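Student: I would like a close look at a single part of this model: one strand and what surrounds it. Please start there and then connect that part to the rest of the chain.

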Amino acid sequence: SQPTFPPCEAPPVSTIQAGMAARPDRPYTYQCMDNGTLSADQQRGINDAFAAWTVANGLAGIPVTFKLADSGATGDIQIKRLAASVLNENGKLIPARTIPPSSAATQHYTTAEIDFNNDQFNVLNSRRGYTKATVHEIGHLMGLGDNKKGDTVNGRKVRGDRGSSVMNQFGAYPPPASQRDDLAGFIPASPRSCDIDVVKVLFNV
């Protein structure tokens, strides 16, 4: 049976950022530069996330889709699992991060990198966990910022309810064993309507 989601919450307007450029003529390609550190199941989770965004964007008429790079080809989006820990701008550990080109602060871009934590805290293990983390990072590629619970947008508080947006953040990090692979359900496995509605505005759809 389908899960029951709470009311949808769009990511705060204040956290919208530069994202991938519109490319209606061909999909962006992605490539796992894993050097054997990502299992086949984890890579399937990554594939699931890109497929979910491709379907959602296609249905909404958003001119950004994705496909796995052909063997031997260089992907537009490089996916890596780092030997070191992944930290955010405040120096805190996070499961993954998206790195656009240095020019991305002022313009849309056509290449990017997604880095996964070295998993020293066993945060992401399964296909499910990698789907959740990747679908969130692709949201950044689409121009969405983190959905920060408690921010005020248009006079109302952002709830950040579990499962309400792919731009919700993982809970406590490092999480207890009960929350590994986002078992707590903070992040849905595919974009919600509110996520797509914001992206449609960004791409003038």
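Tutor: Gladly! A word on terms before we begin: helices here are DSSP runs of H or I with at least four residues, strands are runs of E with at least two, and both are numbered from the N terminus. By that count, this predicted model has three helices and seven strands in its protein chain. Their order along the sequence is β-α-β-β-β-β-α-β-β-α.

The strand I would pick is β5, which spans residues 112-116. Four of the five residues in β5 are buried, so the strand is mostly covered. On the parallel side, β3 is joined to β5 by five bridges. On the antiparallel side, β4 pairs with β5 over four bridges. Glu-113 is a good residue to click on, as it appears in both pairings. Gln-78 stands opposite Glu-113, and Glu-113 is also the bridge partner of Ile-99.

Now look at Asp-115, where side chains add to the picture. Arg-97 and Asp-115 form a salt bridge, and their closest N and O atoms are 3.1 Å apart. Arg-97 belongs to strand β4 (residues 96-99) and Asp-115 to β5, so this salt bridge ties together parts that lie 18 residues apart in sequence. β4 and β5 are thus linked in two ways: by antiparallel pairing and by this contact between Arg-97 and Asp-115. The two ends of the salt bridge differ in cover. Asp-115 has a relative accessible area of 1%, so it counts as buried, whereas Arg-97 is partly exposed at 28%.

From β5 we can step across to its parallel partner, β3 (77-81), and to the loop that lies between β2 (66-68) and β3. Here Arg-23 and Asp-76 meet through their side chains in another salt bridge, at 2.8 Å from N to O. Because Arg-23 sits in the segment before β1 (28-32) and Asp-76 in that loop, the pair ties together parts 53 residues apart in sequence. Both ends are buried in this case: Arg-23 has a relative accessibility of 11%, and Asp-76 has a relative accessible area of 19%.

Further out, the helices are linked as well. A salt bridge of 2.7 Å, N to O, brings the side chains of Asp-48 and Arg-127 together. Asp-48 is in helix α1 and Arg-127 in helix α2, 79 residues apart, and this pair links distant parts of the chain. Asp-48 counts as partly exposed at 29% relative accessibility, and Arg-127 is partly exposed too, with a relative accessible area of 33%. A search of the whole structure finds seven salt bridges, and the three described here are among them.

Helix α1 (residues 40-60) also holds Thr-54. The side chain of Thr-54 reaches the backbone nitrogen of Phe-66 at 2.9 Å. Setting aside neighbours within four places in sequence, Thr-54 is in contact with Thr-65 and Phe-66. With a relative accessible area of 19%, Thr-54 counts as buried because the cut-off is under 20%.

As for α2, this helix covers residues 127-141 and reaches 21 Å from first C-alpha to last, close to the 21 Å expected. Most of α2 is covered, with 13 of its 15 residues buried. At its start, a side-chain oxygen of Ser-126 comes within 3.2 Å of the backbone nitrogen of Arg-128. Just after the helix, Gly-143 takes a positive phi of about 105°.

Finally, the wider setting. In the protein chain, 46% of the 205 residues are buried. Of the contacts between residues at least 6 apart in sequence, 74% join residues at least 24 apart. The chain exposes about 9800 Å², with carbon and sulfur atoms supplying 50% of that area.

Notes:
Residues numbered from 1 in each chain as written. Predicted model: local features only at pLDDT ≥ 70, side-chain atom pairs only at ≥ 80, totals over all residues. Heavy atoms only, no water. Expected span 1.5 Å × (residues − 1). Buried < 20%, exposed > 50% of the residue type's maximum accessible area, 1.4 Å probe, protein only. Polar contact = N/O pair within 3.5 Å; in protein donor to acceptor, adjacent residues only side chain to side chain. Contact = heavy atoms within 4.5 Å. Areas by Shrake-Rupley, 256 points an atom, 1.4 Å probe, with all protein chains shown as cover. Salt bridge = Lys/Arg side-chain N within 4 Å of Asp/Glu carboxyl O. Pairing = 2+ DSSP bridges.
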